[in-house]
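Reader: Before I rely on any of the labels attached to this model, I should like to see how each one follows from its cut-off. Could you take me through them one at a time?

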Amino acid sequence: MSEKLTIGKLASATGTKVETIRYYEQIGLLPAPARSAGNYRTYEGEHLRRLSFIRRARDLGFSIDQVRELMALADRREQSCMAVDVIANQHRDAITRKIADLTALAGELDVLIDSCSRNTVADCRIIEALGPSAEVEEFPVAR
């Protein structure tokens, strides 16, 4: 790609907000682009490829640090992909834990919803469950 892209065109091509692109540049995830005579950022094909990589990894839930590691590994194409596998496995394990936590939460909510008598809010078991479990004693006011 020999065409130079403005930040707006890069944002549009990747579905990324302009502010996010600037943030990725600021933290070093995306290299700073060249500047035009009018001091506008001018992006090239490599920026588009890197930002697309970042977006896809972020869409899959990888953290900024994991994306940074994956990009560093992607830049060294001749090395073993064992390190990539480690990062991917760690991420998958974290997702599996989150799914288990969310499944347990859904079960708790099911119990609360099933216990609802559908009378008044004053009798609502869901509201009761969300409130404090015990009365909080008021602290004496110094006079």
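Reader: Why is threonine 42 counted as buried or exposed, whichever of the two applies?

Author: The model is predicted, so local features need pLDDT of at least 70 and side-chain atom pairs count only at pLDDT 80 or more, while totals for chains, interfaces and linings use all residues. Residues are numbered from 1 along each chain as its sequence is written, and side-chain values use heavy atoms, with hydrogens and water left out. Buried means under 20% relative accessible area, exposed over 50% and partly exposed in between, with a 1.4 Å probe and protein chains only; threonine 42 has 17% relative accessibility and therefore counts as buried.

Reader: Which residues is threonine 42 in contact with, neighbours within four places in sequence aside?

Author: With contact taken as heavy atoms within 4.5 Å, threonine 42 is in contact with Lys4, Leu5, Pro33, Ala34, Arg35 and Ser36. Threonine 42 itself lies in strand S2, residues 41-42, where strands (E, at least two residues) and helices (H or I, at least four) are DSSP runs numbered from the N terminus.

Reader: What makes tyrosine 23 and tyrosine 24 an aromatic pair, and of which kind?

Author: Rings of Phe, Tyr and Trp (its six-membered ring) pair if their centres lie within 6.5 Å, and planes under 30 degrees apart count as stacked, over 60 as edge-to-face and the rest as tilted. A search of the whole structure finds one such pair: the rings of tyrosine 23 and tyrosine 24 are 6.1 Å apart centre to centre, with 50° between the planes, and the pair is tilted. Tyrosine 23, at a relative accessible area of 40%, is partly exposed, whereas tyrosine 24, at 6%, counts as buried.

Reader: Which residues touch the most other members of the largest nonpolar core?

Author: A nonpolar core is a set of buried Ala, Val, Leu, Ile, Met, Phe, Trp, Tyr and Cys residues joined through side-chain atoms within 4.5 Å. The largest one has 19 residues, of which Ile21, Tyr24, Leu29, Ile54 and Val67 touch the most other members. Helices H1 (7-14), H2 (18-26), H3 (45-59) and H4 (64-74) each supply at least two residues of this core, and the largest share, five residues, comes from H4. The buried residues of H4 pack against H2, H3 and H5.

Reader: Why is isoleucine 113 called partly exposed?

Author: Isoleucine 113, found in helix H5 (residues 82-114), has 42% relative accessibility and therefore counts as partly exposed.
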